[in-house]
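Here are my notes from a pass through the model. Have the chain open next to you while you read.

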Amino acid sequence: MGADDKLRKVVIVGAGPVGCLAAMALAKQGWAVDVYEGRPDIRLPASKAAAQQRSINLAMSSRGIAALEAIDPNVSTRFLQTVIPMRGRMIHDMQGKETSQLYDRDGQCINSIDRALLNEDLLTEALRASNVRVFFRHRVTAVDFERRVMVVNDQDENRTHEVEFDLCIGTDGSYSVVRRQMMRVVRMDFEQMYIPHEYLELKMKPGRDPEGKPTFLIDPNHLHIWPRHSFMLIALPNKDKTFTCTLFAPTAEFEQLNSRETILSWFGKHFPDALGLIGADSVLDSFQRNPRSSLITIKANPYHYKDRGIILGDAAHSMVPFYGQGLNCGLEDVRVLHVLLQQEGVDPSLPDAGLRTRLARALSRYSETRREDLLAIQKLAMDNYVEMRHAVTTPTYLFRRAVDKFLFSISSPKPVTLKSLGPLLARVSFPSAKPQGWLPLYTMVTFRPDISYATAKKKSEQQSALISTLGYLGTGVIGVASISLAWMAYGYYAVRRGLSS
C-alpha cells in the first residue's frame with residue numbers, strides 16, 4: 001500500500017505488536033508511516049511454523065486492552081473475541097492438589113493469547129491504513145539522527161539504501177539497533193542485567209471428551225502455577241485446547257538436566273501431576289528441541305533524542321515476565337505517547353519550526369514522566385517471581401491477601417472497570433493520580449490502567465507500612481495485656497498465700 005510522499009514521515013523499526021500499534025497511532029494522527037522489519041512477514045506459512053517453536057503466550061490485562069481501545073476501539077472489541085479469560089491462579093502442590101486464587105473480587109480477568117496471533121492481527125490492522133507501509137526482510141544497520149537518515153539493508157535484493165525520516169521510533173526489542181544508534185548522540189544511562197534463571201517451553205496436548213472431541217485437561221480459565229520455591233512451572237490455555245507450559249528455573253538447575261533419566265526423574269519428583277498431563281515423551285522432546293531462553297532487564301534514560309527519535313517497548317525497558325506486564329507495558333507506551341502528542345498539539349501538517357518544537361516537547365515529556373513508571377514495574381516484575389514460585393503457598397502471603405481483600409471490600413465498594421474509564425484514557429495518561437480507598441497491588445497493576453505503575457507501587461508500600469504498624473501495635477497491645485494479666489495472677493496468688501499462712 002502506498003503512502004503519500006507529501007506527508008511527514010515516521011519510520012518505525014520493528015513490526016512486533018508494539019511497533020504495529022505505534023504505526024496505527026501515528027497513521028491516525030496523519031503521518032506517513034513506514035515500518036521496517038528484519039524478519040519475513042509473520043503471516044506467511046513458513047514464518048508461522050518458525051514462530052511455533054518459541055510461541056510464549058501472553059497474559060493480556062486491562063493496560064494492554066486500554067491501549068488498543070485508545071487507538072482503535074474496534075480492534076479492542078475484535079481482540080477480546082480471540083482470547084481465553086483467566087479468572088485467577090490455580091496453585092498445584094506437590095500432591096497434585098489444586099487451589100484457586102481469584103484475581104479480582106468483581107470478576108475481572110487477564111486474558112491468554114498467542115503472541116504470534118496478536119502480532120498478526122495488529123499487523124493486518126495497521127496495513128488497513130492507506131498511509132502505512134511495511135517492509136519485511138529489511139534490516140536497519142544505522143541511524144543518523146542529525147541528518148534524519150536511516151541505513152537499511154534489503155535482504156531480498158541484497159542492497160543497502162538510505163531512508164529519510166522526520167521521526168524514528170525504535171520498537172526493535174531488547175537488542176535494539178535504534179537504541180544503540182541513539183546512544184551515539186544522547187548521554188544515555190544504560191543498564192543491562194541477566195538474572196541467573198532461564199525458561200523452557202513445553203506443550204500440554206488436549207484430552208478427549210466422551211465423544212472423542214478435543215478438550216482441556218485442566219481448567220482453562222486459570223493461569224496454572226506449580227510453585228517450587230526456587231523454580232516453577234506455569235501453564236496458559238490456548239484456543240486449540242492445548243496449554244503452553246513454561247518452566248522457569250535457575251541456570252544451574254537446568255545444567256543438571258542433561259540426560260533422559262535425570263530429566264524424567266527431576267520432573268517426576270517436582271511436578272508429578274504435570275508430568276502425567278504433559279507426557280514423558282513430550283517433556284523429553286521439549287528439552288531436546290526447544291531453546292532455553294535467558295531473562296533480561298534493560299534500563300535506559302532518556303528514551304528520546306530531540307524531536308527526532310524515541311524508543312518504546314523492550315527497546316527501552318525489557319523486563320522479566322513474572323507480572324505479565326512486558327507487552328502490556330509496551331502497548332501502554334504507545335498510548336502514553338499518543339496522549340502526549342495530542343496534548344502538545346503535534347500535527348504533521350504544521351510548518352517545520354512549529355512541528356519540531358511541539359514534537360521535541362512531547363518526546364521530552366515522555367522521557368521525564370515515563371521513567372519512574374518503568375522502573376517501578378521492572379522492580380515489581382522481579383519481586384513477583386519470588387511471590388509466584390514461593391510466597392503464594394505461605395501463610396503470611398495468604399493472610400496478607402485476606403487482609404487486602406477485606407479492606408478493599410469495605411473501602412472501595414464500587415468497582416472501577418475498564419469500560420467505566422471509557423475514552424478518558426485516550427486523552428489523559430493516568431487520570432487517577434491519587435487513587436482513593438484500599439487497593440491491592442495486583443488490582444492496581446493489572447486492572448487499573450488509570451493508575452500509573454509508580455503510583456501503584458507507592459500506594460502499595462504505604463498500605464504495607466500501615467499493616468506492619470498495626471501489626472506492631474497489635475503485638476504491643478497483646479504483650480501489655482499479657483503482662484497485666486500475669487501481674488494480676490501473681491498478685492492474686494500472693495494474696496492467697498498470705499491468707500493461707
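How many bridges join strand E9 (residues 138-144) to E10, and in which sense do the two strands run? That is point 1, but two words on conventions come before it. This is a predicted model, where local features need pLDDT of at least 70 and side-chain atom pairs count only at pLDDT 80 or more, while totals for chains, interfaces and linings use all residues. Residues are numbered from 1 along each chain as its sequence is written, and side-chain values use heavy atoms, with hydrogens and water left out.

1. E9 and E10. Six bridges join the two strands, and they run antiparallel. Strands here are DSSP runs (E, at least two residues), helices likewise (H or I, at least four), numbered from the N terminus; two strands pair if DSSP finds at least two bridges between them. One bridge to look at is His-138, whose partner in E10 is Asp-154. The hairpin leaves four residues between the strands, and one residue of the loop between E9 and E10 is Arg-148. Its phi is near 60°, positive although the residue is not a glycine. Arg-148 is also buried, with a relative accessible area of 9%. The cut-offs: buried is under 20% relative accessible area, exposed is over 50%, and partly exposed lies in between (1.4 Å probe, protein chains only).

2. E10 and E11. On to the next hairpin. E10 is joined to strand E11 (residues 159-164) by six bridges, again running antiparallel. Asn-153 stands opposite Thr-160 in E11. Four residues lie between these strands too, and Asn-158 has a positive phi near 50°. Why is strand E10 (residues 149-154) largely enclosed by the rest of the structure? Because five of its six residues are buried.

3. Backbone oddities around E20. The peptide bond from Asn-301 to Pro-302 is cis, with omega near 0°. Pro-302 sits in the loop between strand E19 (293-301) and strand E20 (304-305). A little further on, in the loop between E20 and strand E21 (309-311), you will find Lys-306. Lys-306 has a positive phi near 45°, and it is not a glycine. Lys-306 is partly exposed at 41% relative accessibility. I'd put both spots on your list for a closer look.

4. The three-stranded sheet. This one is open, with the order E3-E7-E4 and antiparallel pairing. Strand E3 (57-60) and strand E4 (84-86) are the edges, since each pairs on one side only. The twist averages 35° from one strand to the next. E4 pairs with strand E7 (residues 110-114) over three bridges, and Ile-84 has Ser-112 in E7 as its bridge partner. Helix H5 (residues 115-126) packs on the sheet, touching E3 and E7, and its direction makes about 85° with that of E7. Contact means heavy atoms within 4.5 Å. Axes are lines fitted to C-alpha atoms, for helices over the stretch in contact, with angles from 0 to 180 degrees between N-to-C directions.

5. Around Gly-107. Gly-107 lies in the loop between strand E6 (98-102) and E7. Gly-107 is partly exposed, at 46% relative accessibility. Arg-87 is 20 residues away in sequence, with 6.7 Å between the two C-alpha atoms.

6. H3. Helix H3 (residues 62-71) is mostly covered, with nine of its 10 residues buried. Among them are Arg-63, Ile-65, Leu-68 and Ile-71.

7. The H12/H13 pair. The axes of helix H12 (residues 326-343) and helix H13 (residues 352-389) come within 9 Å and cross at roughly 150°. That makes the two helices roughly antiparallel, a label used for angles over 145 degrees (under 35 is roughly parallel, 65 to 115 roughly perpendicular, the rest oblique). The residues making the contact include Cys-329, Val-336 and Leu-340 of H12 and Leu-359, Tyr-366 and Ile-377 of H13.

8. Cysteines. How many disulfides are there? The count is zero, where a disulfide is a pair of cysteine sulfur atoms within 2.5 Å. For Cys-168, the closest cysteine sulfur is in Cys-20, at 16 Å, so it is too far for a bond. Cys-168 is buried at 0% relative accessibility, whereas Cys-109 is partly exposed at 21%.
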